[in-house]
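Q: Hi! I have a structure open and would like to talk it through with you. Can we go over it together?

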Amino acid sequence: MKIFYLFCLLSFPIVAQAQTTISGKVTDTKGELLIGVNITLKGSYDGATSNVKGEYSFETSKKDSVTISATYTGFAAQEKRISVNAKEVVLNFSLKEKINDLKAVVISAGAFEASDQKKGTVLNSLDIVTTAGSNGDSYGALKTLPGAQQVNDREGLFVRGGTGSETQTFIDGTWVRNAFTASVPDLGARGRFNPFIFKGTVFTTGGYSALYGQALSSAVILETIDLPERSAANFSLSSVGAGGSYQQLAKNKKSSWGLGYNYVNLTPYFLLVKQNITYKQAPTVHQLDLNYRIKTSKSGMLKFYGYYNQTAIDIQRVNISSLDYDNTAKAYQDQFMVKNKNAYANFSYKEYFKKDWKINVGLCFSDNVDRIDTKILNANQDLIADTNFTNKEWIAIDGHNTLATTKVVLEKSLNNLNTIRFGGEYIYGKDKILAFPELLKPYVEHPTIITEEHYTAAFAESDIYITNDIAGKIGVRAEQSSILNKMNIAPRISAAYKLKRKGQISLAYGMFYQKPEQQYLAQNANLNYMRADHYILNYQYQPKDRLLRLEAYYKQYHNLIKTNVSGSLNKLANTGDGYARGVELFYRDKKSIKGIDFWISYSYLDTKRNFLNYLRSVQPDFAATHTASLVFKKFWVKRMFGINGTYTFSSGRPYINYNTANPNEPSTANANQFMVDKTIDFNNFSISCNYLKTIKKVFSVFVLSVNNPFGFKQIYGYNYAAKDLNGDTQLYRQAITPAAKQFVFVGVFMSWGIDRTQEAIDGNL
Amino acid sequence: MKKLFFSLSLLLIGFVGFSQSAEYTSGMKGLLMKMEASKSPEALHAAANGFERIAAAEPKQWLPKYYAAYCYVMEAMSSTDKEKIDGIVDQADAQLEAALAIEKNDEIVCLQSLCKTARINVNPMTRGMKFGPQAARLLETAGAMNAGNPRVFFLKGQSAFYTPEAFGGGKDKAKEMFTKAVELFKNFKPLNDLMPIWGADDATKMLAECSK
């Protein structure tokens, strides 16, 4: 009985308790309404979620002093202690936004990023390989972005009035010396890497981080993939060659290795499709790839990527000087043969330590051997030893360069995304050039020139986040080159501010140094670093499925290399200079036209420079004032069929007219006439179709792509005869064009996935 | 007196225990009904918040965390803003991690698989390659823990349905899985009325869709 009484007593207050209504409004510190905030009376089930007006309301039977908390992702949780004895209690919250990488502003000045994981990126990794006209070359896809020039007749990526050698490539943080395949003059070169091995690409058109150096204009920063999702075997067959690879993921999913071989030979293709030059040997490439990746701990990762590449090309073109001599009968041939062997090994290691420290170590070796041979042959293929027919300095070169690089970056994460990064870099390079210089005495050895270089750099950088809307990066880089025997210090600063409604403004400033190219360093002149100062202003607006970028920049060049400098011992000096400025636009839209993803790039470039043998400061022959690209992609999921197209336009480029102002004869040349002529505008269209099909568990992709199907006339410049041999006071000239109007690629890529799911389960249970 | 005190305290403990469990059961049931009725991302988010409140008050129960995660995944799946998906799925993953620390079971692993699938939606072309196999692996693990879980087959069917044939999916494969799921759902008896039961209606609907 007593117990029953007690029971009643105990339960009575619960039943009889008066309810209190707690209500209020939730905003952020700026007064913006917050929807979906979880309001909880701590220790109970009572609570509510703020609605579209930022309001909440709930009832509780709790009495006296209670704690109410407000929690919301991306904001600091808030707790308030209140008394709930009244019938109604009003309690408002004002939450402070946490700085986090989902919301924080990203500095976008000068950087285009292709990544699948990070936000705010312009492209994803698939975009790189599905851009029509890129033909599986990462650099080809980057050429459709603003800032890049449509220079297809020379090696390298030409950015914002810079030469091809002003763009450098970095893999997992370390510099790659020979990023492009061996090539012959006027035909351009491809990147050496298979784009599928990278998970992220950053293409900077200026103002890049202090972690990278020795690139006056642009850095292409590539990050290799970590462990693959499963083991797989791949095979490919195409109109240019065949290849196979195998990738194995260990049972415990902690390591993987892969091996690949690719063979390219254009002989069959050139038999079918006539080229305007004679190939004694069509481009032939053997490439062997190796990779090994291992998780060294829960957070540590060691990666190895390496390849060996062997390329041979041997062409014959009509000697232009012989055409000047007699443009019908005496057609001598210029033979150009190149054989290249290139080995590359890259080790990278990253690990996180206690107290938010992180380390990145890169170790890289490369070895490159070039054998270049040029000859002038008559119709019977006999050697012609007559200096009248060439102005080339060398007839044959044996080149050998070895490189060892090491780079260490330490990173300490402070609170609120603030980070300090610092480290050092050391590069050892050895170059041997054995040249056979004189045409009249073929193959008389010139002494081997050996240059050795010890390059060291130290850098420090700090990411500063004031709020999610304001961020900055301050960095400095110091470099020392043994061959120049000089040091430099380069500051880098950038900042971003997020505007209301998905817009943001970024600024970047930086000083960038680069050593003169190897051919000038080898001449042992007393040279200095070349320098470029960048100023960039960027606006980005990114509503859902659309992106608009506008960028304006100014770049000032100092200490560029001048050749044929009178009074200088080696005729070389750092007396050149120049500038580049422009406005660029990028617009990507996945929404406006249903099912079609497209982007438009436009670059306006105003640049002049006085360097090399230039007679005055002019717009250089690799720079076009207007460049535009339209890239579109359409994929029919039901049919598993896709079409990608790319149209590019570039206004005419200046070229040296040797008949009006010949820089090789500066004393008689009329400098005012130097580089006033321009080529015709450049137009190109590329289209590619992909069809995906699984045939008996083999995933296959069929590709057909055609470059320039409409046959636009493309002229990159003109080659002139070395001497006026027929005495008509005019040097004969010939347009520099692609080797064929069109290029057609047909191929099939097959993949056998090896499912080790069952093993994985057994391991996990 | 001692005896009385003892029985009183026993009773009290029993009473407190009973009342808590009753409050838990009714609280959960109320939220489950609310969850069933929630279709919009906002409503699902509010339901998730409710489960999170119970989860905070009942740190030893895995079910509130499980349902909070379920609501988050559904919110992510129904969200029209693809940029928000990762943030929401992160919350679901955190709840499931915490649930697994309490009890390791096939339902939680099953939901982890759904989280991976939700992440694919951000960009199927680029993410399918990564998260597709991860989602499939988790379903295999859940199936190995309990071969009779109909939701494993339902989710397998769904991923096959939305994966193009060229990538190893297709309607035929999906139909096979949905048939198995429907069959298992018929005989599925949850341990108690708070245990997961979702998927039965959708499996039947999807099976009909495959047969079209």
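The chat below goes through chain A, two helices of chain B and the contact between the chains.

Q: Before we dig in, what kind of model is this?
A: This is a predicted model.

Q: Good to know. Which helices and strands does chain A have, in numbers?
A: Chain A has seven helices and 37 strands. Its C-alpha trace spans about 130 × 60 × 45 Å along the principal axes.

Q: And how much of chain A is buried?
A: Of the 765 residues in chain A, 35% are buried.

Q: What about contacts in chain A, how many join residues at least 24 apart?
A: If you take contacts between residues at least 6 apart in sequence, 62% of them join residues at least 24 apart.

Q: Let's zoom in on a strand. Is β13(A) mostly covered or mostly open?
A: Mostly covered. β13(A) runs over residues 218-224, and five of its seven residues are buried.

Q: Which strands pair with it, parallel or antiparallel?
A: There is one of each kind to describe here. β10(A), residues 167-171, runs parallel to β13(A), and five bridges join them. β12(A), residues 198-204, pairs with β13(A) in the antiparallel sense over six bridges.

Q: Which residues could I click on to see those bridges?
A: For β10(A), take A:Thr169, whose bridge partner in β13(A) is A:Val220. For β12(A), take A:Gly200, which has A:Glu223 as its bridge partner in β13(A).

Q: Switching topic: where does A:Tyr261 sit?
A: A:Tyr261 lies in strand β16(A), residues 255-265.

Q: Why is A:Tyr261 classed as partly exposed?
A: Because A:Tyr261 has 14 other C-beta atoms within 10 Å. A residue needs 20 or more to be buried and 12 or fewer to be exposed, so a count in between is partly exposed.

Q: What does A:Tyr261 touch?
A: Leaving out residues up to four places away in sequence, A:Tyr261 touches A:Gly243, A:Gly244 and A:Leu288. As for A:Tyr246, the two tyrosines are 15 residues apart in sequence and 9.3 Å apart in space, C-alpha to C-alpha.

Q: On to chain B. How far does α4(B) reach?
A: α4(B) has 21 residues and reaches 32 Å from its first C-alpha to its last, close to the 30 Å expected at 1.5 Å a residue.

Q: Which residues of α4(B) are buried?
A: B:Ile85, B:Ile88, B:Val89, B:Gln91, B:Ala92, B:Gln95, B:Leu96 and B:Ala99. They cover an arc of only 155° around the axis, which puts them on the same side of α4(B). The buried residues of α4(B) pack against α3 (63-78) and α5 (106-120) of chain B.

Q: And α9(B), which residues are buried there and which are exposed?
A: The buried ones are B:Ala203, B:Met206 and B:Cys210. Their arc around the axis is only 65°, so they are on the same side of α9(B). On the other side, B:Asp201, B:Lys205, B:Ala208 and B:Ser211 are exposed.

Q: What do the buried ones pack against?
A: The buried residues of α9(B) pack against α7 (150-162) and α8 (171-186) of chain B.

Q: Last one: how many residues does each chain give to the contact?
A: Chain B gives 33 residues and chain A gives 31. On the side of chain B that touches chain A, α6(B) gives the most, with eleven residues. By class, that side of chain B has 14 nonpolar, nine polar and ten charged residues.

Conventions:
Residues numbered from 1 in each chain as written. Chains lettered and ligands numbered in written order. Predicted model: local features only at pLDDT ≥ 70, side-chain atom pairs only at ≥ 80, totals over all residues. Contact = placed C-beta atoms within 7 Å. Helix = DSSP H or I, 4+ residues; strand = E, 2+ residues; numbered from the N terminus. Nonpolar A, V, L, I, M, F, W, Y, C, P; charged D, E, K, R; others polar. Expected span 1.5 Å × (residues − 1). Arc of directions from axis to C-beta. Pairing = 2+ DSSP bridges.
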